[in-house]
Amino acid sequence: MSYLKFDKTLLTNLEESLPIEYLRTNKLGAYSSTTVTGCNTRKYHGLLVTPVPELDNDNHVLLSSLDETVVQHGAEFNLGIHKYESDTFAPRGHKYIREFNCETISTNTYRVGGVILTRESFLVLNEQRVLLRYTLVDAHSETTLKLRPQLAFRNVNELTHRNNNINYSYQDVDGGVSMCLYEGYPTLYMQLSKESVYHTCPDWNIGVEYPREQVRGYEYKEDLYMPGYFEVSIKKGESIIFSAGTTPSNPKGLKALFTRELKLRHHRDSFFNCLKISATSSFIYRDNKEYILAGYPWFNVRARDTFIALPGSTLIIGEEPEFDKIMAPAVAALKRYMKDETKDAIITEIDDPDIPLWAVWTVQQYAKYVSKEKAIEKYGSLVKDIINYVIEGQAPNLTLRDNGLLYSKGTEKAISWMNTTEFGRPLIPRTGYLVEFNALWYNALKFALELDCNPTKKDEMEAIAAKYEENFAKVFTSPAGYLYDYVTDEYAETSVRPNQLWALSLQYTPLDKPARKAALDMVTKELLTPKGIRSLTPKAGMYRPYYWGNASERNVAYHNGAVWPWLLGAYSEAYLSVFSRSGVTFIKRRLSSYEEEMSRHCIGTLSEVYDGNPPFYGHGAQSLSINQAEVLRALRIVQDYVPE
């Protein structure tokens, strides 16, 4: 039985099937994504969505959809589906779907009378190309396929409408046609493995609606360009490949290409394998370097997300070489910034003050899962440079005070992972002594001492650590036993937030076990949910449990109630450090609650955030790299747990 299979009962019920999406990537930043019915519900959906670096740093929808029509005895049966005004769906091809399976590749099975047709699709790895294979499993009479491409040629964050600026011309190429709708875009080559007839009949599909954008408060109506259609005969047992790419293909080699690529696909046949495949799907190549994309469909490469996601996405699943490949450009970018504040062209947010501290945490995970000797050899100099960078006062917005703690200013610009803004200012102005900044700082100091990579400053580091140990609990511990989120010279933020978890979970912490237990009990009581950790206690006046509404309403909820799966990594470490072996079963139960998400929302991955109150529905981006990575790391922590 397939792990990820959906039958006609669900597929023909649009209320149930439209929220379920799939996403496939190709290591070059491109993706293919739609719902299990093939009805696009986001402006980000499309069969071929690729970067166009000549225009900007975003992805662009080239091929929005491909509508199929089965023709028998002159009767046409349309398998496509689009949403229009007043909840109208046409041509309602979902009623012919009998099964959707995506354990390996996305496969729809259609039944039209005596015709059984399958459609399989995926992106070619390291190539901007989508392949669709149509196989006529059964038919009792002559059958013809019509394939009608619907083109957008626009930024994923925008929508297109009928216009006179479009280039209506096309060129015949081997096995198909090519066209480029607007200047600056790549040419799209659409070709078939079997001889076909292309009928040009330019038209527009007017008023296609994307309900997910409507719910999010954005423009949601679009017009798609339909240049014409391909007509091809297909026999029982025959397979025909359709290719759409930014370079021409060899039609005679499409079947062999499909077979080769299919062999490279892994099976999503378990919870762990789903997470593993989803985590590695965020790896991308740019300028011959490898990076981790923060998420799909709208994120770019971000420094903090890279360092947090890297251990779980590589080391935990036995991909040490990938760790080194991705770490190389990240380290180079960080060192450049520490030298003269030069920002990287690809890795964004390298200037956030906590980035160097997360980098040390990443090296610490490498030492844990590979070896301390290799960590010293490969990354010891980085750890040394970061410690000196902070101690010598060179780090912008990381002021080392006499009490051994770090002080940062965050009222004008968001400086932590809780970085939502409104009108250019942070919605959560975390400033002063930030609890996770300081937890990471002490952990970095002690780890650097363990590596003995900075001998000339050893005495100074030990003195700073001693001052820190004397003052951390005094500054951060509340009368209720949990830790303040941030503290200024005049104010302490008393709302219970998850950032204290790093003071409870990291290898080095100044808190004794009773203190950690008191804080952890509060986190468990106020913030733990079946889908992760709330970003704010429900007792706070700013608590917003549901991540819906317009952009401003969602921004408020983003870090004021929304649940984040990635925080379960730190929570798992903290829980086991306090409750030892008796906590293993508890954490396993928490992690098992994610398995049902593999067949919800975006199949085989975890949503960006979840509602803070029941039923904890998933929202936001289809996939966030730190979520998969940290849940994988939590699974490994439980698996490897040995009581101290």
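**Figure 1. K325 and E322 pair within helix α7.** K325 and E322 are 3 residues apart in helix α7 (residues 320–340), a separation of about one helical turn. Helices (H or I, at least four residues) and strands (E, at least two) are DSSP runs, numbered from the N terminus. The two side chains form a salt bridge, with the closest N and O atoms 3.9 Å apart. A salt bridge here is a side-chain nitrogen of Lys or Arg within 4 Å of a carboxyl oxygen of Asp or Glu. K325 is partly exposed, at 43% relative accessible area. E322 counts as buried, at 14%. Buried means under 20% relative accessible area, exposed over 50%, and partly exposed in between (1.4 Å probe, protein chains only). Elsewhere, R304, E349, D352, D354 and K413 are joined into one network by salt bridges that share partners. The model is predicted: local features need pLDDT of at least 70, side-chain atom pairs count only at pLDDT 80 or more, and totals for chains, interfaces and linings use all residues. Residues are numbered from 1 along each chain as its sequence is written, and side-chain values use heavy atoms, with hydrogens and water left out.

**Figure 2. R129 and E127 meet in a salt bridge.** The N to O distance is 2.6 Å. R129 is buried, with a relative accessible area of 1%. E127 is partly exposed, at 25%. Side chains of opposite charge can pair when their charged atoms come close. The structure holds 41 salt bridges.

**Figure 3. D138 and K236 form a salt bridge between a strand and a loop.** Their side chains meet at 3.3 Å, N to O. D138 lies in strand β12 (residues 129–138), and K236 in the loop between β18 (221–234) and β19 (239–245), so the pair ties together parts that are 98 residues apart in sequence. K236 is exposed, with a relative accessible area of 56%.

**Figure 4. Helix α11 bends at E470.** The helix covers residues 458–476, which is 19 residues. From its first C-alpha to its last, α11 reaches 26 Å, close to the 27 Å expected at 1.5 Å a residue. That expected span is 1.5 Å times one less than the number of residues. The bend at E470 is about 30°. It is the angle between axes fitted to the seven residues ending there and the seven starting there.

**Figure 5. The buried residues of α11 pack against helices and strands.** The buried residues of α11 are M461, I464, A465, Y468, N471, F472, V475 and F476. Their helical packing partners are α9 (372–391), α10 (435–451) and α12 (501–505). Their strand partners are β23 (399–400), β27 (433–434) and β28 (486–487). Contact means heavy atoms within 4.5 Å.

**Figure 6. D452 and R92 have positive phi although neither is a glycine.** D452 is found in the loop between α10 and α11. Its phi is about 55°. D452 counts as partly exposed, at 47% relative accessibility. R92 lies in the loop between β8 (88–90) and β9 (97–101). The phi of R92 is about 65°. R92 is also partly exposed, with a relative accessible area of 39%.

**Figure 7. Cis peptide bonds precede P297 and P615.** The bond from Y296 to P297 is cis, with omega near 10°. P297 sits in the loop between β22 (295–296) and α6 (303–313). The bond from P614 to P615 is cis, with omega near 5°. P615 lies in the loop between β32 (609–610) and β33 (618–619).

**Figure 8. The close-ups in context: the chain has 17 helices and 34 strands.** Its radius of gyration is 26 Å, close to the 26 Å that the globule rule gives for 644 residues, so the chain is as compact as a globular protein of that length. The radius is taken over C-alpha atoms, and the globule rule is 2.2 Å times the number of residues to the power 0.38. Along its principal axes the C-alpha trace spans about 85 × 45 × 45 Å. Buried residues make up 62% of the 644 residues. Among contacts between residues at least 6 apart in sequence, 66% join residues at least 24 apart. The chain exposes about 24600 Å², with carbon and sulfur atoms supplying 48% of that area. Accessible areas come from the Shrake-Rupley method with a 1.4 Å probe; for residues, only the protein chains shown count as cover.
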